[in-house]
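Good morning, and thank you for making time for this short presentation. I would ask you to look at the sequence and the structure first, and then to follow me through the charged pairs, the helices, the core and the surface.

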Amino acid sequence: MHNTFIARNPSVLWFLLSLSILTVGVTILSEAGMGFLSTSFVKTLGKTLCLCLIAIAMDVVWGYCGILSLGHFAFFGIGGYAVGMWLMYARTEGIVIESLSSQVIPPTPQEITDAIGNQIFGVVGSSDFPLIWAFADSLTLQLLMVILIPGLLALVFGWLAFRSRVTGVYLSILTQAMTLALALYLFQNDSGLRGNNGLSGLQNIPGFEDTPQSTISLAFFYASAAALALGYVLFAWVVSGKMGSVIKAIRDDEARVRFLGYHVESYKLFIFTLTAIIAGIAGALYYPQAGIINPAEIAPIASIYLAVWVAIGGRGRLYGAVIGAAFVSLLSSWFTGGGAPAINLGFYTIQWTDWWLVLLGFSFVAVTLFFPKGIGGLFDYLVRKPS
């Protein structure tokens with residue numbers, strides 16, 4: 001009885017209960033309900049839940065397994081690009097077909113395809129579909145890519161790195177280099193993904209043109225909440241029991257675990273690949289709510305921010321990662337969105353849109369020095385007061 005999944009992970013029930021209350025509350029207060037919460041804020045909350053999901057993935061790979069990956073936001077971005085390609089193709093196809101329908105002679109399929117290509121890639125001086133857009137007309141295949149591409153990239157990269165026994169700061173540098181290389185490639189106009197322009201208009205869901213954004217934003221909020229709930233339960237299961245003990249032992253003393261006969265590389269590869277897939281799913285839910293994705297989203301600094309969120313929330317605690325991501329994300333929206341009032345010092349006025357990142361940096365340093373277990377550790381202290 002005492003060795004059940006819930007007994008080993010009491011935070012799961014509390015987390016699911018809190019998430020359920022939040023979901024019901026947002027539903028009632030949204031524009032589709034009582035109208036107290038704007039559609040833009042519902043979208044912000046939905047995006048925050050997606051960031052909480054990738055933060056959990058980061059916590060598992062770093063806080064539990066000891067792999068400081070500075071490239072997990074690349075997998076997040078790949079998931080966004082994969083679903084964004086279908087969204088942009090299907091939406092453009094509808095516009096093109098409607099505009100050509102008035103012609104006396106019906107357009108051929110090739111003419112429709114050429115017109116779609118011109119609409120999408122005209123901004124980078126092209127009209128031809130790159131090979132990577134081969135399945136862009138199929139939602140099923142693009143959703144499959146959300147899982148396959150991040151998973152395969154993580155599998156190949158992890159296999160090469162772990163079999164060479166690259167660890168510590170060297171592995172972090174390698175993951176950051178991978179992310180930088182991907183971002184620099186995507187910035188090129190001939191990358192096939194519109195270069196710096198990225199993919200836009202992703203909030204317009206094909207087939208739901210007449211559906212108000214308030215309803216669509218609520219639907220994505222539900223999907224994000226469901227994904228976060230499933231992700232939390234999945235990772236709680238992964239880090240508990242025998243597997244959880246092994247990966248935490250790898251974090252604490254990898255050489256000793258290898259000496260005991262465990263194939264360390266297989267465990268690390270499994271965790272690295274699984275968290276990359278979950279990061280891709282989180283990105284696929286995030287960017288339709290954001291409405292746009294470009295290579296700047298994949299830049300290495302984004303993965304560094306992700307590590308900061310987990311550190312502030314308290315690594316090694318799944319709920320800590322959620323707290324950190326939600327806290328920083330919502331605070332960032334408030335400061336950078338003009339919600340925080342400027343502070344006039346007489347000789348200088350502090351505009352938080354310019355100084356937010358400085359404040360975030362100071363917060364990270366303060367947490368590292370004074371609260372090394374993060375906000376989650378403080379929560380632990382309040383709940384379980386030391387005797």
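The count of salt bridges comes to 6, a salt bridge being a side-chain nitrogen of Lys or Arg within 4 Å of a carboxyl oxygen of Asp or Glu. Before I turn to individual pairs, please note that this is a predicted model, in which local features need pLDDT of at least 70 and side-chain atom pairs count only at pLDDT 80 or more, while totals for chains, interfaces and linings use all residues. Residues are numbered from 1 along each chain as its sequence is written, and side-chain values use heavy atoms, with hydrogens and water left out.

Let me begin with the charged residues. Side chains of opposite charge can pair when their charged atoms come close. Which residues are linked in a network of salt bridges? They are Arg165, Glu254, Arg258, Glu265 and Lys268.

I shall take the pairs in turn. Glu265 and Arg165 meet through their side chains at 3.7 Å, N to O. Because Glu265 lies in helix H11 (residues 264–290) and Arg165 in the loop between H6 and helix H7 (168–187), this pair ties together parts that are 100 residues apart in sequence. Helices here are DSSP runs of H or I with at least four residues, strands are runs of E with at least two, and both are numbered from the N terminus. Glu265 has a second partner in Arg258, with the closest N and O atoms 2.5 Å apart.

How do these two residues differ in burial? Our terms are as follows: buried is under 20% relative accessible area, exposed is over 50%, and partly exposed is in between, using a 1.4 Å probe and protein chains only. With a relative accessible area of 13%, Glu265 is buried, whereas Arg258, at 23%, is partly exposed.

The next pair is Lys268 with Glu254, where the closest N and O atoms are 3.2 Å apart. This salt bridge links distant parts of the chain, since Lys268 sits in helix H11 and Glu254 in helix H10 (residues 254–259), 14 residues apart. Lys268 and Glu254 are both buried.

Arg165 deserves a further remark on its backbone: its phi is positive, about 60°, although it is not a glycine. Arg194 is also a non-glycine residue with a positive phi, of about 65°. Arg194 is placed in the loop between H7 and E1, and its relative accessibility of 8% makes it count as buried.

I move to two of the helices. Helix H4 (residues 72–100) has 29 residues and reaches 42 Å from its first C-alpha to its last, close to the 42 Å expected at 1.5 Å a residue; the expected span is 1.5 Å times one less than the number of residues. Of the 29 residues of H4, 22 are buried, so this helix is largely enclosed by the rest of the structure. Helix H13 (residues 318–336), with 19 residues, should span 27 Å, and its end C-alpha atoms are 27 Å apart, which agrees. Among the buried residues of H13 are Leu318, Tyr319, Val328 and Phe335. Gly338 follows H13 and has a positive phi, near 85°.

Now the interior. A nonpolar core is a set of buried Ala, Val, Leu, Ile, Met, Phe, Trp, Tyr and Cys residues joined through side-chain atoms within 4.5 Å. Which members of the largest core, with its 109 residues, touch the most other members? They are Phe73, Trp133 and Leu318. Helix H3 (residues 39–64) gives the largest share of this core, 16 residues. Apart from it lies another core, of 5 residues, including Val83, Met145, Val146 and Ala284.

With contact meaning heavy atoms within 4.5 Å, and leaving aside residues up to four places away in sequence, Trp133 touches Met85, Tyr89, Ile120, Phe121, Gly192, Leu193 and Leu199.

I close with helix H6 (residues 139–163), which holds Ile149 and also Gln142. Are these residues buried or partly exposed? Gln142, at 3% relative accessibility, counts as buried, whereas Ile149, at 38%, counts as partly exposed. Not counting residues up to four places away in sequence, Gln142 touches Ala82, Met85, Trp86, Phe135 and Ala136.
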